[in-house]
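Q: Please take a close look at a single part of this model. Walk me through it step by step.

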Amino acid sequence: MTIIELSFRLILSFLLLLTMTRIMGRKEISQMTFFNFVSAIAIGTLGASLAIDSSISVRNGVFALAGWTIFTVVMGYADLKSKAFRKAVEGVPRVVVRKGEVMDAELNKVRLDLDALNVLLRKKNVFSIKEVDYAIFETDGTLSVMKKEKDQPLTKGDQQTFKSPGSTHQVAMPTALIEDGKIVMDSLHELHLDESWLKEQLTSQGITDMTDVFYAEIQKDGTLAIDRYNDLQH
């Protein structure tokens, strides 16, 4: 391979990687899920092969990069449209600490040991597990932490709690009840709520068709925060 050909391949590879990364979207670099990790390795390998491997023609190298980009975009579209597909590819967030108690089974599912958990907590300025109300291990490997009420600065809103109808169960933290126009039944059952209550809340906000709702979550004070599909277009 001559210097001229190598230079051409390097420049072409760089421009293609830059362009195709932009096409695939910011999620590829902002949220490193399992699929994003595999995708990043694959496209990096393809780009490097195009740049320095003379046994691969420029045409085949460009075709491979373009094909992988199309595959990634299609997978991203399926991820947006199907919650079941999203769960299968990316997994689901796991509650690893609840009310100051470590959830051993959940910790094992995400292959996280206590030392690693404590490191993640310290990065959130939490130095005792007993300070934690909820800790959720996200699909991108980060830890989201909500401290117990006594360890947080109190506000008027924080002092409000919501009790489900006919139950003493309280909402400890905002919880999703609708995602992509579909009811999150597990959350509804955990809070001892039913579909009738949810439909009443939607009707009170002028929503008659649940499929119009992109996302809805119940707040700590019992109110329902809603994002409609048409709201996302603004």
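A: What follows is about one helix and the loops beside it. The model is predicted: local features need pLDDT of at least 70, side-chain atom pairs count only at pLDDT 80 or more, and totals for chains, interfaces and linings use all residues. Residues are numbered from 1 along each chain as its sequence is written, and side-chain values use heavy atoms, with hydrogens and water left out.

Helix α7 covers residues 114-122. Helices here are DSSP runs (H or I, at least four residues), and so are strands (E, at least two), numbered from the N terminus.

Start just before α7. R111 sits in the loop between α6 and α7. Its phi is near 55°, a positive value in a residue other than glycine. R111 is exposed, at 72% relative accessibility. Exposed means over 50% relative accessible area, buried under 20%, and partly exposed in between (1.4 Å probe, protein chains only).

Next comes D113. It caps the N-terminal end of α7, with a side-chain oxygen 3.1 Å from the backbone nitrogen of D115.

Now the helix itself. L117, L120 and L121 of α7 are buried. Down the axis, the buried residues fall within an arc of 100°, so they line one face of the helix. That arc is taken from the directions from the helix axis to the C-beta atoms. What covers them includes β1 (94-98), β2 (101-102), α6 (104-109), β3 (132-137) and β4 (143-147). Contact means heavy atoms within 4.5 Å.

Past the helix, N125 lies in the loop between α7 and β3. Its phi is near 60°, again positive in a residue other than glycine. N125 counts as exposed, at 55% relative accessibility.

Technical notes:
Polar contact = N/O pair within 3.5 Å; in protein donor to acceptor, adjacent residues only side chain to side chain.
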